[in-house]
Amino acid sequence: MEEKKVCGIIGITSDGYPIIMPDHVCRYFEPDDAMTYNVKECWYCRYADFRRSNEIMLENSVCRHILNRVKPRR
């Protein structure tokens, strides 16, 4: 049985930022300063932080681009 791959936006934080998967991409993509590959995915975007350190890599992250923020419901 093939495992179903989840991609894209998987939720919204309490302050309105999207929770994203590494292979998602949006129109606000900007390459991270340390990017060595020419791949347009959130994993390599300056507004997401999947690589907190060399020891810890996250399965999902938060997009911090202000234009991707939505007004949270209260």
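**Phenylalanine 29, histidine 24 and the nonpolar core**

Start with phenylalanine 29: beyond the residues up to four places away in sequence, this side of the story has Phe29 touching Met35, Val39, Lys40, Glu41, Tyr44 and Cys45. The model is a predicted one, and Phe29 is a handy way into it. Two of those partners, Tyr44 and Cys45, turn up again beside Phe29 in the largest nonpolar core. That core has 9 residues in all, and its other members are Ile20, Cys42, Trp43, Ala48, Phe50 and Cys63. As a general matter, nonpolar side chains tend to be buried together in soluble globular proteins.

Histidine 24 comes next. It sits in the loop that runs between strand 2 (18–20) and strand 3 (61–62). Is histidine 24 buried or exposed? Its relative accessible area is 18%, and the cut-off for buried is under 20%, so histidine 24 counts as buried. Once neighbours within four places in sequence are set aside, His24 is in contact with Gly8, Ile9, Glu41 and Cys42. Glu41 is also on the list of residues that Phe29 touches, while Cys42 belongs to the largest nonpolar core.

Zooming out to the whole chain, the secondary structure amounts to 3 strands and 0 helices, so to speak a plain β-β-β run from the N terminus on. Of the 74 residues in the chain, 32% are buried. As for contacts between residues at least 6 apart in sequence, 35% of them link residues at least 24 apart. The accessible surface of the chain adds up to about 6,000 Å², and carbon and sulfur atoms account for 49% of that.

Methods: Residues are numbered from 1 along each chain as its sequence is written. This is a predicted model: local features need pLDDT of at least 70, side-chain atom pairs count only at pLDDT 80 or more; totals for chains, interfaces and linings use all residues. Side-chain values use heavy atoms; hydrogens and water are left out. A nonpolar core is a set of buried Ala, Val, Leu, Ile, Met, Phe, Trp, Tyr and Cys residues joined through side-chain atoms within 4.5 Å. Buried means under 20% relative accessible area, exposed over 50%, partly exposed in between (1.4 Å probe, protein chains only). Contact means heavy atoms within 4.5 Å. Helices (H or I, at least four residues) and strands (E, at least two) are DSSP runs, numbered from the N terminus. Accessible areas come from the Shrake-Rupley method with a 1.4 Å probe; for residues, only the protein chains shown count as cover.
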